[in-house]
Amino acid sequence: MSLLAALAGGFAGTLVLTTVLRAATELHLTRMDLPFLLGTALTRERTAAKALGYAAHFLVGLTFAVGYHALFAVVGRHDWWLGALFGLVHGLFAGTVLINVLLPLVHPRMGNPMDDATSVALLEAPGFLGRNYGPQTATVTLVAHVLYGIVVAAFLGQTR
Amino acid sequence: MTAGAHDRGAEARSGYAPLRAYAPIGDGRCVALVADDGAIDWLAWPDLDSASVFAAVLDHAAGGSCRVAPTVPFAVTRRYLTGTNVLETTYATETGTARVVDAMTFRGRRLGPGRELQRRVHGVTGSVPMAWRVQPRFGYGQDATRLGWRSGIPVATAGSVALAVRTFGAGTPQLEAGAVGGSFATAAGSRTTLALCGAHQEPLVFPTLAELDERFAHTVASWRTWTATRTYDGPWRPEVLRSALALKLLVYAPSGAVAAAATTSLPEQVGGGRNWDYRYCWIRDAAFTLNALLRLGCAPEAEAYFWWLLQATQLTHPRLQPLYRLDGGSSLRERNVALAGYRGSRPVRVGNAAAAQQQLDTYGELLQCAWLYAGSGGRIDAEVGHRLGEVADLVCTLWRQPDAGIWEVRSEPLHFTHSKMMCWVALERAGQLADRGLLPHGHRGRWRREADACRDYIETHCYSGSLAAYARSAGSEDLDASVLLGLLSGYGSSGGNRWVTTVDAIRRGLGNGPYVYRYTGGDGLPGTEGAFVSCSFWLAEALARTGRPAQAAALMDELVALANDVGIYAEEIDPRTGAFLGNLPQGLSHLALISAATAIAEAGPQ
């Protein structure tokens with residue numbers, strides 16, 4: 001169970017997560033676009049935001065993989081189902097706190113519930129479990145994060 | 001000046017103020033309606049489309065309200081403080097004069113409540129006995145409301161929503177019968193402050209008087225700064241600026257969406273069932289909204305609105321819903337709530353079933369928006385251009401279908417003329433944007449061919465020789481004021497004979513003095529309605545665009561006089577009585593005023 005394997009898992013997991021979210025968008029299940037949300041924190045140019053956002057998203061994915069690696073080490077095992085469980089908790093935390101509360105507060109172009117007529121928002125906030133972006137958003141993001149957790153665990157190999 | 005009384009129930013109002021008596025105040029998140037007798041009879045909290053905490057306008061017994069008024073007969077005058085959405089109501093009584101200033105405050109820098117509504121009473125002359133009563137009824141009057149005390153402050157709660165009533169110099173608050181109230185008397189120079197402090201999913205914040213004063217000053221200054229940066233300098237400037245301020249109340253700051261109105265179920269016919277929830281964003285208003293924002297110099301709001309439009313429509317792309325929620329959601333399930341309705345006008349609806357209709361004009365609105373946005377220097381990148389191209393492709397296949405039309409008829413779909421014209425606008429604008437390299441070139445030829453076919457259909461099937469006008473729908477002999485939007489959006493030649501005779505026919509057939517009805521013929525709903533305010537402004541603009549600016553200006557002068565005492569319009573007006581009907585403040589009415597004023601100004605000397 002090496003850090004390098006965790007980073008490789010984080011990269012592959014983010015690839016899977018991003019692909020699932022993008023496919024869900026094409027299927028009109030959600031308007032969730034994590035790279036776009038991250039990228040528009042850096043620029044208001046939509047195309048540049050997407051490019052920057054993908055880079056930022058993969059960095060975040062690698063960072064979380066390091067966190068997973070630490071948790072697996074503490075627990076002493078890294079089964080696929082434990083990865084799935086971490087992914088589920090990760091997805092719930094992201095939907096209820098990270099993108100619901102924290103992101104609107106720090107994102108310079110995203111509206112938040114405290115905004116009033118003195119401010120102008122360019123991006124709507126995702127809302128609780130991202131439901132502002134479509135009723136299926138919660139399901140899609142949870143599935144994507146569970147897959148991410150499984151992939152990270154899988155890259156760390158079988159628990160001996 | 002309006003004669004008033006201290007007890008609404010004892011007079012002819014029968015518990016309900018006329019809709020014309022209401023003035024909106026707001027903060028970019030929610031809007032309250034203040035009647036000229038001192039009652040706040042509508043407030044959805046914490047957001048514009050949330051459930052109500054005050055809804056006496058929809059049920060005077062169970063809806064809840066917040067009233068601050070003299071306890072003796074009075075005469076009342078009102079105005080907004082210059083350049084603001086802060087309302088000042090002056091009560092003149094036999095014993096003295098008092099002023100009540102109402103504002104929903106902006107948050108400022110200090111820790112403050114999530115939402116705050118201040119009612120500030122100033123003694124002007126003599127002494128005026130005043131009473132106040134706050135009767136919160138959460139969840140459209142359906143949720144159990146608990147009243148109690150926190151640190152000596154009256155607090156009402158229901159679930160995750162709470163409301164504190166903070167008072168300074170307003171007598172000793174008393175809890176009684178589900179309300180909190182008190183009384184006091186003004187003296188010359190006296191000051192009393194009553195603040196409703198709201199919290200949603202968070203603890204209440206109890207502000208000090210100094211903090212309330214600071215936020216009030218900040219709010220007035222912020223509104224004035226915003227108004228001072230509006231660029232319009234043409235005729236009817238005060239009315240245009242008031243309309244801009246009313247429109248700003250409907251801009252939902254957390255997302256940039258613009259609500260059609262601040263209320264639900266204010267009736268189009270008193271006692272009837274034409275009662276709808278307008279607290280959502282209609283795509284049909286999109287081009288008008290963007291155009292008005294751009295013309296008024298509100299570039300940040302215009303950009304935010306265009307971004308919101310692109311985000312909200314993504315879930316249903318390339319199809320468009322007629323309306324979306326302010327947070328961008330597409331689910332708007334319609335249901336009835338158990339309120340008595342304004343003067344018995346039931347049902348009271350929440351949500352809007354029109355979201356499921358097919359309305360083809362929305363596609364024209366979206367492409368027109370993109371065209372206006374690009375024309376103002378806004379950036380349309382490759383991805384957005386690709387999406388807009390897919391919308392135009394869809395219009396190529398949809399324009400031949402019948403739809404529910406701009407008026408959202410609940411009868412069988414028809415080939416509405418206005419819808420066809422807006423499909424032509426969609427395809428024409430797509431072609432023009434492609435010419436500028438902003439949309440993919442590949443399908444440009446197809447868009448142009450379909451636009452030509454659409455125009456041929458309109459000219460062949462939607463123009464009535466006997467009416468000498470574009471009719472309501474293909475093969476129909478009914479008139480519809482919405483076809484004027486085709487002219488305003490650029491369909492056909494504005495100086496052409498067909499448009500000139502159409503404008504005349506609509507004025508003749510749907511007009512009643514300055515008033516204009518929407519259409520003749522059925523719509524699948526029982527009952528009647530008043531004249532539609534925005535149709536009158538569309539007619540004024542159409543007169544200007546067809547080379548008759550003097551007639552347009554004369555009509556405009558009549559129309560600006562139809563607003564209420566503080567310059568606000570509802571959706572409709574009863575031509576017989578002048579009474580307001582429908583939801584208010586109605587964004588489309590104010591948008592149409594702005595558009596007409598700017599168009600008439602551009603048309604030249606009147």
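**Exercise 1. Determine how β2(B) and β3(B) are paired in this predicted model, and what closes the turn between them.**

Solution.
Step 1. In this predicted model, β2(B) and β3(B) run antiparallel and are joined by four bridges.
Step 2. To fix the register, take one pair: I25(B) stands opposite A32(B) in β3(B).
Step 3. Four residues separate the two strands, which form a hairpin. In its turn, G28(B) has a positive phi of about 95°.

**Exercise 2. Follow β3(B) to its other partner, and state which way its side chains point.**

Solution.
Step 1. β3(B) is also joined to β4(B), by three bridges, and these two strands run antiparallel.
Step 2. The bridge partner of L33(B) in β4(B) is W42(B).
Step 3. The hairpin of β3(B) and β4(B) has four residues between the strands, and G38(B) takes a positive phi near 90° there.
Step 4. In a regular strand, side chains alternate between the two faces of the sheet. In β3(B), V31(B) and L33(B) point one way, while A32(B) and V34(B) point the other way.
Step 5. Are these four residues buried or exposed? All are buried; the cut-off for this is 20 or more other C-beta atoms within 10 Å.

**Exercise 3. Place β6(B) among its neighbours and explain why it counts as largely enclosed.**

Solution.
Step 1. Strand β4 (residues 39-44) of chain B is joined to β6(B) by two bridges, in an antiparallel arrangement. I40(B) has C66(B) as its bridge partner in β6(B).
Step 2. β6(B) also pairs with strand β11 (residues 128-135) of chain B, in the antiparallel sense, over six bridges. Here the bridge partner of C66(B) is V134(B).
Step 3. C66(B) is thus a bridge partner of I40(B) and of V134(B).
Step 4. Six of the six residues of β6(B), residues 65-70, are buried, so the strand is largely enclosed by the rest of the structure.

**Exercise 4. Describe how the two domains of chain B meet.**

Solution.
Step 1. Domain 1 of chain B covers 2-207 + 219-226, and domain 2 covers 237-603.
Step 2. The C-alpha centres of the two domains lie 34 Å apart.
Step 3. How many residues does each domain bring to the contact? Domain 1 of chain B gives 30 residues and domain 2 of chain B gives 35 residues.
Step 4. On the side of domain 1, β2 (23-26), β3 (31-34) and β7 (74-80) of chain B each supply at least two residues.
Step 5. Sorted by class, that side of domain 1 has 18 nonpolar, six polar and six charged residues.

**Exercise 5. Identify the edge strands of the sheet that contains β29(B).**

Solution.
Step 1. The order in this open sheet of three strands is β28-β29-β30 (chain B), with antiparallel pairing.
Step 2. β28 (531-532) and β30 (580-581) of chain B each have a single partner strand and stand at the edges, so one side of each is left without a neighbour in the sheet.
Step 3. β28(B) pairs with strand β29 (residues 572-573) of chain B over two bridges. F532(B) has E572(B) as its bridge partner in β29(B).

**Exercise 6. Locate the unusual backbone angles listed here for chain B.**

Solution.
Step 1. Most residues other than glycine have a negative phi, and most peptide bonds are trans.
Step 2. The bond joining W45(B) and P46(B) is cis, with omega about 15°. P46(B) sits in the loop between β4 and β5 (52-54) of chain B.
Step 3. A cis peptide bond also runs from L584(B) to P585(B), with omega near -15°. P585(B) is in the loop between β30 and α13 (587-603) of chain B.
Step 4. Q201(B), which is not glycine, has a positive phi near 55°. Q201(B) is exposed, with 12 other C-beta atoms within 10 Å.
Step 5. R343(B), also not a glycine, has a positive phi of about 50°. R343(B) is partly exposed, with 17 other C-beta atoms within 10 Å.

**Exercise 7. Summarise chain A and its contact with chain B.**

Solution.
Step 1. Chain A has five helices and zero strands. Its radius of gyration is 16 Å, close to the 15 Å that the globule rule gives for 160 residues, so chain A is as compact as a globular protein of that length.
Step 2. In the contact between the chains, 23 residues of chain A meet 30 residues of chain B. The chain A side has nine nonpolar, nine polar and five charged residues.
Step 3. The model scores ipTM 0.76 and pTM 0.91.

Definitions and conventions
Residues are numbered from 1 along each chain as its sequence is written. Chains are lettered from A and ligands numbered from 1 in the order in which they are written. This is a predicted model: local features need pLDDT of at least 70, side-chain atom pairs count only at pLDDT 80 or more; totals for chains, interfaces and linings use all residues. The radius of gyration is taken over C-alpha atoms; the globule rule is 2.2 Å times the number of residues to the power 0.38. Two residues are in contact if their C-beta atoms, placed from the backbone, lie within 7 Å. Ala, Val, Leu, Ile, Met, Phe, Trp, Tyr, Cys and Pro count as nonpolar, Asp, Glu, Lys and Arg as charged, and the others, Gly among them, as polar. Domain bounds come from an automatic or database domain assignment. Two strands pair if DSSP finds at least two bridges between them.
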